[in-house]
Every structure is written in C-alpha cells, then in structure tokens.
Amino acid sequence: MKKSILDVARVIRSKNSGPYELTLDVMFNDRKHYELFRDRAIISRDLISRLYNVDTSEILGIVWFEPCNAVKATIRRRIASGAPGDTDIYGAQQHAPLLSIEFEEEG
Amino acid sequence: MSAREFRVLSPTAILGYGFPEESFRNGVAKKPDLIACDAGSTDPGPYYLGSGKSFTDRAFVKRDLTFMLVEGVRRGVPVVVGTAGGSGAAPHLAWCRSIIEEIAREQNLSFTMGVIASDVSKQTVKAALAAGRIQALPFVPTLDGKAIDESPHIVAQIGCEPLQKALAAGCNVVLAGRCYDPANFAALPIMKGFPEGLCLHMGKILECGAIAATPGSGADCAFATIFDDRFVLEALSPKRRFTRESAAAHTLYEKSDPYRLPGPGGLIDLTGCSFTDLGEGRVEVRGSRHEKTPAYWVKLEGSRRIGSRSLSIAGVRDPIMVRDIEPVLEAVRQQVRAMAGNTVAGELYFHVYGKNGVMGPGEPVRITTSHELGIVIEAISPTQEQADTLVSVTRSTLLHYGYPGRISTAGNLAFPFSPSDIRAGDVYGFSIYHLMQVDDPAGFPLEVVHVRNGAKS
C-alpha cells in the first residue's frame, strides 16, 4: 500500500548551508525505513530536481548518513540568502515539497 | 586508558541568545577547563557584516558575557569568544570589546585579554586573486575586483592558530573576529595535546549550545569532556539530555556532507566515527579524525550595499481579489512602472503570504485556498527616497486598483498600521564567499590588553 514519508520520518527540515546552498534533511524513525529508502533510492537526484525545480547540476550531493538514519540533499539556493527577491533568509521553511513523498510498503 | 581529560563549558548557541542561570551554574560546578562561545553566523544574512552592526542584542550579549567573565576570571578558567558582534569585522569586534571592558569596570575584574582582528585588506584579497590563491565555493559567482572594492568589511574565518597564539601569550580572555565556530572550543585542548579530530568535532557540536541535545535549545548550555581517545557530551539542564541520535543528527545540521566537514586548513572526517549512549543523558563519541589539507585555506566573507529598501504591509480579504491576485499585482506593477517612468529607479517585489510568500516561484501548491492573503510590498532602489516613492505609489495604486469583477469598490487593502510604509534602510548582498590560501594561519593581528580592576593598563 501507498504510505506517506510522514509515517516513517521524525524530522524533515531545510536550512542554509552557507548563503548559497540549501540543505534538506530527512531522519527516519528506524533503520528499516532508512534502508528501504536508501536501497530503493526513493530520494534521488531526479526526485529532488523535480520537487525543487532545479537542474541536476544544481544538486551538490545526496548523502545517506547511517549514524542517525538520515539522508541529506544539498541544492543551490534559488537566490543567495538575503539577495533581492529572497523569501527565506535562513532557508528554514523550504522543506514542504519533501512532505509529499510517498512510497509502497506491505502492511 | 589515560586519565587525562579536558572539560569544556558552552553556555549558549550564540552569545546573546541567553541561557538559564541554573544550567550555567551546573556547568561551572563541573570545573571546566574552558568556557567558550561562538558569537555569530552568516545565517541572518548579508546586512550585518556589511553594515557593521550586530544581529544580537547588546543587553543580552552583556548579560551572557557577565556570567562567563565573572566566573571565568574568578576561577582562572580561560574564556574564548569568536565571531565577535555577530559577523566578526572591525566594528563588531570593537562593539563586543567595549561590552567586555564595561563589564570589567562594573565587576572590578582583572585579566589579560587577547583581541584578534580577522579583517583582510582589499589589497591582500586582490593580490591573492591575482596570484590564483582564491577559490570559489559551490554556486558562488567568480570573484572580481569590483566585488572586493565594494565590500566595506572583508573577514577571514580564522582557525585555531590565532587563538592559540593569544592563549600562549598568557591571555585568559580571548575575543576574536570572524572565527571558525569549533575553533573557539578546540584551540586550547589541541594546545594541550588532545587529538585535533576529537577537539574539533566536540567544538562543532558544542558551538550550538544545547541544540544537539534533546529537546534541543539554542538558549541553554552544554558540556563536553575530552579524553585522549574520545569525548563525552552532556546537557546541564534536567530538562535535556544527549542521545546517540541527537548527537549524530547534529552532525547533519547546516552542512552539505555530514561525513566530511571542511574548515580552515583541513577537514573533520567522521567516516569512522561512533556515537554511544552512556546513559544519564551522556553520549560518547569516538573516531573523529582531522585531515590537514596540503595548503591552508580560510573562508573569506564580504557583503556590499546594493540599495535601500522600503516596505508596506497589508491584508486582502476580498475573495475575488484573492482569486485574481496574480494578474492584479502584475497590472499594478505595470501601471506603477508606466507612471514612475525612468525617474524612479528600483525593483518592486510582492511577497504574498497565504499564496507563495515563503517559497516564491518554488511553491508546489498552485491553488490557493486561503480566505485572506498578507502582502508585503517591497521596493529596493539606489536611494532611500526612490524606494519610498516606489512603495508609496504602489501602495496607493493597489489600494484603489479597479480590477475586473470588483465589487468591493472602497479599497482593496487592510493596513494594520499607520504609517503604512516602513523605511527599512540599507540593503546588502553577499559579495564574497570564497576560500583564500594563507601562508601563516596564525598571522592575524593580536592585541594584548591588560585589564586591572576594570581599568586598562
């Protein structure tokens, strides 16, 4: 059945990593779902590119971090922090597109 | 196993964010060998570095520093504060220094203070650029002479070496300009021979106060004990504890790669790192390594004035206007542009809360269901007068704009305030965010000040 990422993640957040990058973190509730997402590459360059409307060349990297069952994607900010037209100086409220991620799981 | 240890108290995430006195007292009771605090960040944006102002409040910076200095000086515990005044350029350093001197007078304190400037001259940056000793970080525009000339303050994020020079010179209070956050915590234990990787990783966690504990807080203290092969984290409030997950999760915070954290002169490598719950809210960390880079690079930061800003804030409650907000704002923009012609320079921005005020064009929700919208009309112009004019004319045009199907013909906007328009002053943009190679990492000016019973001698 189809499930939402909200069923299996305890932290979904965004923040600047310096004024030119936005870094997105998902921390899963348990190792099982961390591995499920990692092994199926559910959070991929393609997905991040689509959700954030950035070219894959604007994705600095996607890193799976086992010590806290987390995955991190870092992308180019649409506009440098604080430049004219910016809407989120700290980049702390840019996580919403990640909330729409769904996946298939039995039970 | 060696019994050697070094104990570090971190009062708060950023000097001026505050901390509960009880947590601080608990930390002092644990007999720290160092009280250290990071005092700044680039997170609040480019304004503060460029304008020379602090994003932290003077009264609270003084409050936090008073606790740190009084206890540190009385107990002979060194106090290290980096990124003075929020951005660490000369005016920020002078601001924080004057607060320390004021506290010294009021509390009748005697100490030796090392004040380290991290400003880099335009000439030095230009010479480095010409010599190929400047590197752009990802997504950062290439540096040019114009950006250097237009940046009133250029700072280098210094590493441990200048702090160590001050500590070795006998300073028991060290105040630094822009500084790599972990260095405030790591400089002294590294001098004492503890492993760089452990010291810097400990600093990376402690520089955020209790943010890495659970529940996290940027306004509470944290404590670390370093041994030769590990460090142990603990919170100082009964409300919080460190867990394996909270400590590990912090490694992700604000960084692009949690396994490799670059800093001045090298990087912290966490690929072999382990986090173990010791119980009672304590977590043990092992295996953090520091890898030196062949050349020593520091990060430079600069920002420049790009204009002046004016704002107006208003709400819209009419359902027809809410539905058609985009074409309405576009028509108003064109009408204003036609009226202002070439005489009023500047750019207009509409921040429409309830629609896409937070994510702008990246907002995935395309259909607005809010019954009301909040609009911030923003103008950025070369001069304040031009920005004021643009906002004023846009506000009045939008207020009375006759959009198709309008039934609410008395006015389109609800203003919460009079005056409706706000002068927001100078606007800055980041101009420099590059790495520069340096030959002498300790080569930043150190001034040693002897404070005796509150007076300089």
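Where in chain B does Lys31(B) lie? In this predicted model, Lys31(B) sits in the loop between α1 (21-29) and β2 (34-38) of chain B. The backbone there is a bit out of the ordinary: Lys31(B) is not a glycine, yet its phi is positive, at about 55°. As for the surroundings, Lys31(B) is exposed, its relative accessible area coming to 63%.

Chain A has a case of its own. Ala41(A), again not a glycine, takes a positive phi of about 50°. Its place is also a loop, the one between α1 (31-39) and α2 (45-51) of chain A. With a relative accessibility of 42%, Ala41(A) counts as partly exposed. Such residues catch the eye because most residues other than glycine have a negative phi, just as most peptide bonds are trans.

On the peptide-bond side, chain B supplies the examples. Thr214(B) and Pro215(B) are joined by a cis peptide bond, with omega at about -10°. Pro215(B) falls in the loop between α9 (196-206) and β8 (222-226) of chain B. Further along, the bond from Ser418(B) to Pro419(B) is cis as well, and its omega is near 5°. Pro419(B) belongs to the loop between α13 and β18 (421-438) of chain B.

The helix α13 of chain B also turns up in a helix pair. Two packed helices are described by the angle between their axes and the distance between the axes. Helix α12 (residues 325-340) of chain B packs against helix α13 (residues 384-399) of chain B at an angle of about 130°, and the two axes are 10 Å apart. At that angle, α12(B) is oblique to α13(B). The crossing of α12(B) past α13(B) is right-handed. From α12(B), the contact draws on Val328(B), Leu329(B), Val332(B), Gln335(B), Val336(B), Arg337(B) and Met339(B). From α13(B), the partners are Leu390(B), Val393(B), Thr394(B), Thr397(B) and Leu398(B). Sorted by class, that contact of α12(B) with α13(B) comprises 8 nonpolar, 3 polar and 1 charged residues.

Back in chain A, Phe103(A) is part of strand β6 (residues 102-104). Phe103(A) is buried, with just 3% relative accessible area. What does Phe103(A) contact, once neighbours within four places in sequence are left aside? One group comes from the start of the chain: Met1(A), Lys2(A), Lys3(A), Ser4(A), Ile5(A) and Val8(A). The others are His33(A), Leu36(A), Phe37(A) and Ile42(A). Although Met1(A) and Phe103(A) are 102 residues apart along the chain, their C-alpha atoms are separated by 8.2 Å.

Finally, the cysteines. How many disulfides does a search of the whole structure find? The count over all chains is 0. For Cys208(B), the explanation is distance: the closest cysteine sulfur, in Cys37(B), is 11 Å from its own sulfur, which is too far for a bond. Cys221(B) is in no disulfide either, and here too the nearest cysteine sulfur is that of Cys37(B), 9.3 Å away. A disulfide would need the two sulfur atoms within 2.5 Å. Cys208(B) is buried, at 5% relative accessible area, and Cys221(B) is buried too, at 0%.

Key. Residues numbered from 1 in each chain as written. Chains lettered and ligands numbered in written order. Predicted model: local features only at pLDDT ≥ 70, side-chain atom pairs only at ≥ 80, totals over all residues. Heavy atoms only, no water. Buried < 20%, exposed > 50% of the residue type's maximum accessible area, 1.4 Å probe, protein only. Axes fitted to C-alpha atoms, helices over the stretch in contact; angles between N-to-C directions. Helix = DSSP H or I, 4+ residues; strand = E, 2+ residues; numbered from the N terminus. Parallel < 35°, antiparallel > 145°, perpendicular 65-115°, else oblique. Left-handed = near helix turned anticlockwise from the far one by under 90°. Contact = heavy atoms within 4.5 Å. Nonpolar A, V, L, I, M, F, W, Y, C, P; charged D, E, K, R; others polar.
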